[in-house]
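Let's take a walk through a protein model, looking at which side chains meet and which ones hide. Keep the picture in view as you read.

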Amino acid sequence: MTYELQQRITINENICHGKPCIRNTRIMVTNILSLFAGGYDIPKVLTYYPELQEDDVRAAIEYSIESIQNEDVQLLQV
């Protein structure tokens with residue numbers, strides 16, 4: 001994880017049970033991703049969370065990409 005990403009995405013066991021959050025807030029990375037899944041774009045996310053900066057939102061996306069790239073994925077057969 002880059003220094004910039006470490007400054008924006010924090011993991012603290014006392015905040016949101018240790019889930020990755022934006023700068024020690026209670027806004028989890030998954031909250032940001034859920035908004036995108038619901039059709040939001042960056043300006044709309046910033047309207048929903050006015051305390052965030054565009055770089056915070058981009059860091060949430062980057063963190064998610066890095067997390068998935070470092071994960072072993074197994075296909076489930078149905």
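## A tour starting from one tyrosine

Our starting point is Y40, which is found in the loop between α2 and α3. Before going on, keep in mind that this is a predicted model. Y40 is partly exposed, with a relative accessible area of 23%. Leaving aside residues up to four places away in sequence, Y40 touches L35, V45 and Y48. There's also a charge to look at: the charged end of K44 sits over the ring of Y40, 4.6 Å from the ring centre.

Now for the rings. How many aromatic pairs are there? The count comes to two. In one of them, the rings of Y40 and Y48 have their centres 6.0 Å apart and their planes at 90°, so this pair is edge-to-face. Y48 also pairs edge-to-face with Y49, at 4.9 Å centre to centre and with 90° between the planes. Together, Y40, Y48 and Y49 make up one aromatic cluster. As for exposure, Y48 is partly exposed at 47% relative accessibility, whereas Y49 counts as buried at 13%.

Next, step back to the helix before our loop. Helix α2 covers residues 29–37, and its buried residues are V29, I32 and L35. Looking down the axis of α2, you'd see these buried residues fall within an arc of 125°, so they line one face of the helix. What covers them includes the strands β1 (9–10) and β2 (21–22), along with α3 (42–48) and α4 (54–69). Just after α2 comes G39, which takes a positive phi of about 100°.

Over to the charged side chains. A search of the whole structure turns up five salt bridges, and here are three of them:

| Salt bridge | N to O distance |
|---|---|
| E4 and R8 | 2.8 Å |
| D56 and R8 | 2.6 Å |
| R23 and D56 | 2.6 Å |

Where do R23 and D56 lie? R23 is in the loop between β2 and α2 and D56 is in helix α4, so their pair ties together parts that are 33 residues apart in sequence. The pair of D56 and R8 links distant parts of the chain too, with D56 in helix α4 and R8 in helix α1, 48 residues apart. E4 and R8, on the other hand, are four residues apart in helix α1 (residues 3–8), separated by about one helical turn.

Is D56 buried or exposed? D56 counts as buried, at 0% relative accessibility. R8 is buried as well, with a relative accessible area of 12%. Their partners are partly exposed: E4 at 44% and R23 at 32%. Zooming out, E4, R8, R23, D55 and D56 are linked in a network of salt bridges. And how does our tyrosine relate to this network? Y40 and D56 are 16 residues apart in sequence and 15 Å apart in space, C-alpha to C-alpha.

One last stop: the cysteines. A disulfide is a covalent bond between the sulfur atoms of two cysteines. How many does a search of the whole structure find? Zero. The sulfur of C16 is 3.9 Å from the closest cysteine sulfur, in C21, and that's too far for a bond, because a disulfide needs the two sulfur atoms within 2.5 Å. Both cysteines are buried: C16 has a relative accessible area of 15%, and C21 has one of 1%.

Technical notes. Residues numbered from 1 in each chain as written. Predicted model: local features only at pLDDT ≥ 70, side-chain atom pairs only at ≥ 80, totals over all residues. Heavy atoms only, no water. Buried < 20%, exposed > 50% of the residue type's maximum accessible area, 1.4 Å probe, protein only. Helix = DSSP H or I, 4+ residues; strand = E, 2+ residues; numbered from the N terminus. Arc of directions from axis to C-beta. Contact = heavy atoms within 4.5 Å. Phe/Tyr/Trp six-rings, centres within 6.5 Å; stacked < 30°, edge-to-face > 60°. Lys NZ or Arg CZ within 6 Å of the ring centre and 35° of its normal. Salt bridge = Lys/Arg side-chain N within 4 Å of Asp/Glu carboxyl O.
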